[in-house]
Structures are given as C-alpha cells and as structure tokens.
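Please explain the terms applied to this model. For each assignment, set the value against the criterion behind it.

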Amino acid sequence: MGKNDFLTPKAIANRIKAKGLQKLRWYCQLCQKQCRDENGFKCHQTSEGHKRQMELFGMNPHRVVEGYSEEFEKAFMEHLRRAHPFSRVLAKNVYNEYITDRHHVHMNATRWLTLTDFVKYLGRSGQCKVDETEKGWYITLIHKDPKQQLEEERRNKRSEVEREEEERHMAALQEQIERAKRARLEKGEPLSEEEEDEEAHTLQRDEAEGPIKISLTAGAIGGSVSVGAGPSALGSSAAVPGLARVARGVAASATGAAATAFIDDDDNAAEVHGEPGRCGGDGSLRGLGAGQKRSKLDELMQAELRAKSNAAASSSDGARKLDYWLAPGIVVKVLAKELKEHGYYKEKGVIDKVIDRYVGEVSMLSDGTVVRVDQAQLETVIPSPGGQVLVLNGPYRGSRGTLLSIHMAKYQAQVKLMSGSYRGKEVWLEYEDISKLDSVAGGSSGE
C-alpha cells in the first residue's frame, strides 16, 4: 500500500477533517476550494491557479458577482420549493438547510451582504411573502403560473435589450456630433450659438498658463480692477465707488460696439453705455488683442450675460407675473379636500370678494353657499370657445376678452382682448392666467 493511498491512515484522517462545513473565511469561491487553516489559505492564494482566476475576475468583476448571485438565488429558491412549498418558515432555518451542501455558492460571493438583504430582495421581487417578527424574518413561497413566469422573463430580457440598444444608439449619435464639430473647426467654419454655449461651459486650462491672479484696488474714479491668468491677463479700468467688485458682464455700447464691463450691482446701465472712461475709452477691452483667443471663462461670462439680457428683453414689454391672481367675478373650481364632506370638492363657484390678495370668498353655484378658500386650493375655469374670460396675470392683467380657441397640447388658449389699451389684440395665454367670467359680471361690464 502506498504512502498516499485511499485507505492509508493519513488519507482517512484528511477525509474526516474535511467532512462537513469548514471556516467560511478560508473558502475560495473562485476556485471552489475549502482550506482547513490560515496557512493553507495563504498557500492557495499564492498558487498559479488562483492567480489566473483572479485575473479573469479582474476583467469583469461585476459580471462574475452577478453570476454568483443568480446561482445562489436559483439554488436557494429550488431548495425552498422542494422543502417548504407551502410553509411559513424562518429564513435562517432555510439558509442553514441550504448550506449543508459543501459545494453551495456562498453568500459572501454575491451582491447581498447579509441574509436580511437577500430576504428583502425576495419580498421586493415578489418571489416570497416576507414578514419580520421578534424571532426573525419569516418567508412564504409565492406560487406563480409557469406561463406568466416565462412571459415575465421574456419581457425583462426584451426591455434589457432595448435599453442596451438605446445606449449604443445614443453613444454613436454623440460620437457623430463630436466628429462633425471637429470637422467644422478644422475647416474654419464658425459654431452655432448653442454649440458655443456648450463649449463655454467646458472649462479647460492650459498647462502653460500661470496661476490665476486677481487684484482689487479700492479708490475713487480711476481705480482699476484686473483679472489675469498668467501671461494672458485681462485688464480693464472701471470706476468703482469704495471697494471695487468684480461682476460678470458683457453689454452692447450705444454705438453697437461690444464692451465688457465690471460694474457694481447698483450702477446704472446708462453710465456703462455712455461714459467711455469706464471701458477703456473706445468701448473695447485693453487686455485682449484683436487676434487673441478668448478663454473659456470669458465665453462663459458672455453666454450668461447674453441669457440675462434676453430674459430682460422678453420681460420689458410687459409686467412680470405675480404670485396672486384672484379677482372678483371669475368662476373657479374648489379643490379643498376639507370641503369634500360638505359636497363642495371639485365644485364651481364665483369669487365675490378677495381678502388680502390670496384668499377669496367663493359663492358656490350649486346652492349659493359662501365659503372662504385660499387661492392655492382654487383652480381657474376655461370656458368654451366664444365665452368671456378675464386675464389674471401677465402683461394683460385685468383685461377682459373672448376665448377664440384652445391648444390642448400646450395648455394655452387664444384670447381676443376686448378692453384696455390692447383692445382687439389676439394673444395666446396659459390656462392658469385666464378664467371664465361670471355671466352676471360679464353682462354688467358690457353695459
């Protein structure tokens, strides 16, 4: 009989020692090898086979962990179906029965750190009914129709394929856009305004540039504010009362020349446009040459000021929207759930009186009862085409008009104004900015 034969005392002793479960910390899931002590586990970690497995794991660790998770879930649920198909049992008891197999997939190789996390996952995925008690987590298997289960798996696979296809399509589209931008820049063609704004938000700094320096000089008229980045320093003189402030801004001069001004919040815009002493005399930047490339920070500042100027221009032709819109004589819908038991929830009424701008006394059309409701619990009412409305907000606030048509997709209505300085004008307004006029109020106004 040889030294390492099957029936030698040493071989029998090794099989007795390896029988049953061993220490989990000395088990290698990748190699599926159980070591009996720490020294054996260290020797296994230095072996060539283990290193090859670790290299494979490093190529795609997420997929490996997901694979072990799927195997663990499948084996656990299979044991639960066989051993406890209709019973409500402790999850730890099922787990103890499952791990009696020495070659089971260990939980520390899956994406679940604890048994509690795995039990919660079973409850969320609808595979088991779970409930927590003082003794622990109980699970009960939920039986599903095999046809429905197959259909659900097909649906999940289909949605996963569609998601991956959409991601690949978006990546290819983005690559085409970048390639087109590079081709246009190589040909010397200018980019559009949207592309310039997108490029301006990408702040990049060359390694050759020195540290950014900001010097503030306090003084009377003639003081200077300079912002520089190494050799390409940007300098401009500005009149700053007291301590100078650096402000973002690019403003068009009265003669149409572009000018960058660093001004205080309280400065008058007319002074910036009119006085040449504030922007170097000729409305141009002294620190930037004619052929010098603008930095990303300058482009970002100009884009932001351009957006502000557009917003100011759009709001210059009318008043801004106010946060209160109630007016006497309009028809509104009551959305106060507190009045549901009285039968006034989602019922219409006419505002008789407005209290402190935000509260209205509403006379219900059903029975004439007057209730006091906040404007947050009221909703405007849009009449049929040809009905009379009152403009509640915006530049035409207070004007009466006739509803011409409704755009369902944009939630807007076309109104022909019948009063005020805009009489006869047809405008598109938001649903929330108009409301139906009561017939009594509309008739009295017409007289």
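The following exchange concerns a predicted model and takes its assignments in turn.

Q: What makes up the secondary structure of the protein chain, and how many residues does the chain have?
A: The protein chain comprises 11 helices and 20 strands. It has 447 residues, of which 30% count as buried. About 29600 Å² of the chain is exposed, and carbon and sulfur atoms supply 52% of that area. Among contacts with a separation of 6 or more, 44% involve residues 24 or more positions apart.

Q: Why is L7 called exposed?
A: The relative accessible area of L7 is 55%, and the term applies over 50%, so L7 is exposed. L7 is located in the segment before α1 (9-18). Together with F6 and I12, L7 forms a nonpolar surface patch with about 320 Å² of accessible area.

Q: How do you know that the span of helix α4 agrees with its number of residues?
A: Helix α4 covers residues 61-83, which is 23 residues. At 1.5 Å a residue the helix should span 33 Å, and its end C-alpha atoms are 33 Å apart, so the two values agree.

Q: Which residues of α4 are buried, and what do they pack against?
A: The buried residues of α4 are G67, Y68, S69, F72, E73, F76, M77, H79 and L80. They pack against β3 (88-90), α5 (91-98), α6 (115-124), β4 (128-132) and β5 (137-141).

Q: Why is C31 not assigned to a disulfide?
A: A disulfide requires two cysteine sulfur atoms within 2.5 Å. The search of the whole structure finds 0 disulfides. For C31, the nearest cysteine sulfur is that of C28, 3.7 Å away, and the cut-off is 2.5 Å, so the pair does not qualify.

Q: What makes C31 partly exposed and C128 buried?
A: C31 has 25% relative accessibility, and the intermediate class runs from 20% to 50%, so C31 counts as partly exposed. C128 has 2% relative accessibility, and buried means under 20%, so C128 counts as buried.

Q: What makes the phi values of D356 and R357 worthy of mention?
A: Most residues other than glycine have a negative phi. Phi of D356 is near 55°, a positive value in a residue other than glycine. R357 is not a glycine either, and its phi is positive at about 70°. D356 lies in the loop between β12 (348-355) and β13 (359-364), and R357 is placed in the loop between β12 and β13 as well. D356 has 66% relative accessibility and therefore counts as exposed, whereas R357, at 49%, counts as partly exposed.

Q: Why is the pairing of R179 with E175 called a salt bridge?
A: The criterion is a side-chain nitrogen of Lys or Arg within 4 Å of a carboxyl oxygen of Asp or Glu. The closest N and O atoms of R179 and E175 are 3.7 Å apart, so the pair satisfies the criterion. R179 and E175 are 4 residues apart in helix α7 (residues 146-187), which means a separation of about one helical turn. R179, at 42% relative accessibility, is partly exposed, and E175, at 48%, is partly exposed too. By this rule the count comes to 13 salt bridges.

Q: How do you know that K321 forms salt bridges with E432 and D433?
A: The N to O distance is 3.9 Å for K321 and E432. The corresponding value for K321 and D433 is 2.8 Å. Each value is within 4 Å, so both pairs meet the definition.

Q: What makes these pairs links between distant parts of the chain?
A: K321 lies in the loop between α10 (296-316) and β11 (331-334), and E432 in the loop between β19 (426-430) and β20 (434-436), 111 residues apart. D433 is in the loop between β19 and β20, so its pair with K321 ties together parts that are 112 residues apart in sequence.

Q: Are K321, E432 and D433 buried, partly exposed or exposed?
A: K321 is partly exposed, with a relative accessible area of 47%. E432 is exposed at 53%. D433 has 5% relative accessibility and therefore counts as buried.

Conventions:
Residues numbered from 1 in each chain as written. Predicted model: local features only at pLDDT ≥ 70, side-chain atom pairs only at ≥ 80, totals over all residues. Heavy atoms only, no water. Patch = residues over 30% accessible without salt bridge, like charges linked within 9 Å, V, L, I, M, F, W, Y side chains within 5 Å. Areas by Shrake-Rupley, 256 points an atom, 1.4 Å probe, with all protein chains shown as cover. Helix = DSSP H or I, 4+ residues; strand = E, 2+ residues; numbered from the N terminus. Buried < 20%, exposed > 50% of the residue type's maximum accessible area, 1.4 Å probe, protein only. Expected span 1.5 Å × (residues − 1). Contact = heavy atoms within 4.5 Å.
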